[in-house]
Each structure stands twice: as C-alpha cells, then as structure tokens.
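Reader: I have a new structure to look at and would like some help. Could you walk me through how to read it?

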Amino acid sequence: MGDEMMIALIGAGSALAGALIGGAAAVMGAARAARSAYFGPLDVARREGQREAYVALLKAADTYEAETASAVEHARLLLEDSTRGSAHRPLRSGPDELAGYRDSISSAATHHPVTAAARQVELEGPTRVAEAAKAVRAAAQQLAVTLTCVERGFGHPDEGLGPVIPDQAHEQHEALRSAINAFASVAGKRLNTW
C-alpha cells in the first residue's frame, strides 16, 4: 500500500471514531434533556410538597412554643401558690386566677398539630429533615406530658407536685425551642440546595 492509501485509511478511521464519539455524546445529551423534560415537573411538585410540609410544621411548632411559654410561667406561679398555701401563708393569686392558670396549662398541653405536621415532614423527607422533625415532635410531646402532670397535680394535691416540675417544664420548653431552630436550619438548607 502506498502512503496515500495509508493516509486515507487513517483519515477514514479518525472520521469514523469522531463520528461515533460525537454521536454517543449527542445521544447522551438528548437522553438527559428528555429525562429533564419528563422529571422536571415531577421534581418541582415534590419540592413544593416538601416546602409546604416544612412550613406547616414550623407554623404549628411556633404556635405551640408560644402557647406553652405562658403555660410554663403559669405552672411556676401555681407551684408558688401551692407552696405558700401549704405553709399557711396567703396566696398571691385568687381562685379565678388559679383556675385561669390551670386552663392555660391544660389547653397548652395539646401538641397534636405539631405531631401531625411532623409526621407529614417525615413522609416528605429527606432523612436529615425527617430526623429534625422527629426531634421537634419528641420535644413537643415531652413538654405536653409534663404540662399535663402539672395540671393534674394541682387538681389532685394528694398526688404531690414537686418543685422540680416547673423547672423541668422550663427546660423542656427550651429544648422545644432549640429543636424548632434546628429544624428550621436543616429545612432551610434543604430548600436552598436545589
């Protein structure tokens, strides 16, 4: 074979290789574009669902945190008056105020909106956000149990209500606030990484 034939074969081989590589790249690009066109709207809908679930949990948790802030203070005031009454000293609060404190504590012990919203977030995911939502749910439930114990303890003085309970309620309220802040941070990062 002559040099010209060798050059022609090398040129044809290079052209064929280039065409194969270019064709493969074009096919892969078209496949990506088709996938994006198909999954793009689904991904947007999924993201919107997650965003709505995150917002619902934050609203429910913030509302619960605000309601329980006054209930925790009312628990402290109830304990002070209980202690004063058992020491035969005059009470600081009248019967109507004490009943109002108990009603405030009783109504704040309802954590169900937070629990329902957290479960929705757990379904939407992803895992890190779901774990942060579980922490919010657990903190709300712990605080609700303590507030229920406070309210029942004043309804049944023979069961005994220790002075540690309002301190425990305060600590659990702070834990709830921290869990809400942690969830907001993780959820915000998730929403801003798309």
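Author: Gladly; we will go through salt bridges and then one loop residue. Keep in mind that this is a predicted model.

Reader: How many salt bridges are there, and what counts as one?

Author: A salt bridge is a side-chain nitrogen of Lys or Arg within 4 Å of a carboxyl oxygen of Asp or Glu. By that rule the count comes to five salt bridges. Let's look at some of them.

Reader: Which residue forms a salt bridge with Glu48?

Author: That partner is Arg51, and the closest N and O atoms of the two are 2.9 Å apart.

Reader: Where do Glu48 and Arg51 sit along the chain?

Author: Both belong to helix α1, which covers residues 3-86. Because they are three residues apart there, about one helical turn separates them.

Reader: How exposed are Glu48 and Arg51?

Author: Relative accessible area is the number to read here. Glu48 has 33% and is partly exposed, and Arg51, at 36%, also counts as partly exposed.

Reader: What about Arg177 and Glu65?

Author: Their side chains meet in a salt bridge, with 2.7 Å from N to O. Arg177 lies in helix α5 (residues 164-192) and Glu65 in helix α1, so this pair ties together parts that are 112 residues apart in sequence.

Reader: Is Glu65 buried or exposed?

Author: Buried means under 20% relative accessible area. Glu65 has 15%, so by that cut-off Glu65 is buried. Arg177, at 33% relative accessibility, counts as partly exposed.

Reader: Which other salt bridge does Arg177 make with a Glu side chain?

Author: Look at Glu174: the side chains of Arg177 and Glu174 meet in a salt bridge at 3.2 Å, N to O. These two are three residues apart in helix α5, so about one helical turn lies between them. Glu174 is partly exposed, with a relative accessible area of 32%. Put together, salt bridges that share partners join Glu65, Glu174 and Arg177 into one network.

Reader: Now for the loop residue. Where does His111 lie?

Author: His111 is in the loop between α2 (95-108) and α3 (112-124).

Reader: Is His111 buried or exposed?

Author: A loop residue can be checked with the accessibility number too. His111 has a relative accessible area of 14% and is buried.

Reader: Which residues does His111 touch?

Author: Leaving out residues up to four places away in sequence, His111 touches Tyr64, Ala140, Gln141 and Ala144. Try finding them in the structure, starting from the loop between α2 and α3.

Key: Residues numbered from 1 in each chain as written. Predicted model: local features only at pLDDT ≥ 70, side-chain atom pairs only at ≥ 80, totals over all residues. Heavy atoms only, no water. Helix = DSSP H or I, 4+ residues; strand = E, 2+ residues; numbered from the N terminus. Buried < 20%, exposed > 50% of the residue type's maximum accessible area, 1.4 Å probe, protein only. Contact = heavy atoms within 4.5 Å.
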